[in-house]
Amino acid sequence: MKLANKIALITGAGSGMGRVASLLFAQEGAKIAAIDIDEKAAQETARMIEAGGGKAIAVKADVSKSADAQ
């Protein structure tokens, strides 16, 4: 596992390339913070990761807003 003991913050994790990246990073051992403006979509990605044996949390944030990014 190339990413064991690493944490990945992935934006746009609720769909598309962000979801794919989240799943791939989790398969390589990373713990995932699935970040998306659509909280339900981020939660679904986190559930998918956990169903595969990984660790993930869902975070609702709009990273185009500095307050959310912080």
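A residue is called buried when its relative accessible area is under 20%, exposed when the value is over 50%, and partly exposed in between. Keep those cut-offs in mind, because Glu44, at 35% relative accessibility, falls in the middle class and counts as partly exposed. The structure above is a predicted model, and this briefing walks you through its strands, its helices, one salt bridge and its largest pocket. Two parallel strand pairings form the thread to follow: strand 1 with strand 2, and strand 2 with strand 3.

**Strand 1 and its link to strand 2**

- Strand 1 covers residues 7–11, and its two faces differ: Ala8 and Ile10 make up the covered face, while Ile7, Leu9 and Thr11 make up the uncovered one.
- Strand 1 pairs with strand 2, which spans residues 31–36, in the parallel sense, and five bridges join them.
- You can find one of these contacts by locating Ile10, whose bridge partner in strand 2 is Ala34.
- To get from strand 1 to strand 2, the chain passes through helix 1 (residues 16–27), and this β-α-β crossover is right-handed.
- Thr11 also has a bridge partner in strand 2, namely Ile35.

**Strand 2 and its link to strand 3**

- Is strand 2 mostly covered or uncovered? Strand 2 is mostly covered, with five of its six residues buried.
- Strand 2 also pairs with strand 3 (residues 56–60), again in the parallel sense and over five bridges.
- Two places to look along this pairing are Ala33, which stands opposite Ile57 of strand 3, and Asp36, which stands opposite Lys60 of strand 3.
- Strand 2, helix 2 and strand 3 together form a β-α-β unit that is right-handed.
- Val59 belongs to strand 3, and it counts as partly exposed because its relative accessibility is 28%.
- Val59 and Gly14 are 45 residues apart in sequence, and their C-alpha atoms are 10.0 Å apart in space.

**The salt bridge in helix 2**

- How many salt bridges does a search of the whole structure find? The search finds one.
- This salt bridge brings together the side chains of Glu44 and Arg47, with 3.2 Å from N to O.
- As a general idea, side chains of opposite charge can pair when their charged atoms come close.
- Both Glu44 and Arg47 sit in helix 2, and they are three residues apart, which is about one turn of the helix.
- Like Glu44 at 35%, Arg47 is partly exposed, since its relative accessible area is 46%.

**The largest pocket**

- The volume of the largest pocket is about 210 Å³.
- Thirteen residues would be a lot to find at once, so start with the ones closest to the pocket's centre: of the 13 lining residues, these are Ala26, Gln27, Gly52, Gly53 and Gly54.
- Two elements, helix 1 and helix 2 (39–51), each give two or more residues to the lining of the largest pocket.
- Which element gives the largest share of that lining? Helix 1 does, with three residues.
- Sorted by class, the lining of the largest pocket holds six nonpolar, five polar and two charged residues.
- Ala26 is part of helix 1, and it is buried because its relative accessible area is 15%.
- From Ala26 to Ala42 the chain runs 16 residues, and the C-alpha atoms of the two are separated by 14 Å.

**A residue to notice before strand 1**

- Asn5 lies in the segment before strand 1.
- Although Asn5 is not a glycine, it has a positive phi of about 65°.
- Is Asn5 buried or exposed? Asn5 is exposed, because its relative accessible area is 79%.

Definitions and conventions: Residues are numbered from 1 along each chain as its sequence is written. This is a predicted model: local features need pLDDT of at least 70, side-chain atom pairs count only at pLDDT 80 or more; totals for chains, interfaces and linings use all residues. Side-chain values use heavy atoms; hydrogens and water are left out. Buried means under 20% relative accessible area, exposed over 50%, partly exposed in between (1.4 Å probe, protein chains only). Helices (H or I, at least four residues) and strands (E, at least two) are DSSP runs, numbered from the N terminus. Two strands pair if DSSP finds at least two bridges between them. A crossover is right-handed if, with the strands pointing away from the viewer, the path from the first strand over the helix to the second runs clockwise. On a 1 Å grid over the protein atoms alone, a cavity is a set of points where a 1.4 Å probe fits but cannot get out, and a pocket is an open set with protein on both sides within 12 Å along at least five of seven lines; lining residues have an atom within 4 Å of a point. Grid points are joined across faces, edges and corners, and a volume is the space filled by probe spheres set on the points. Ala, Val, Leu, Ile, Met, Phe, Trp, Tyr, Cys and Pro count as nonpolar, Asp, Glu, Lys and Arg as charged, and the others, Gly among them, as polar. A salt bridge is a side-chain nitrogen of Lys or Arg within 4 Å of a carboxyl oxygen of Asp or Glu.
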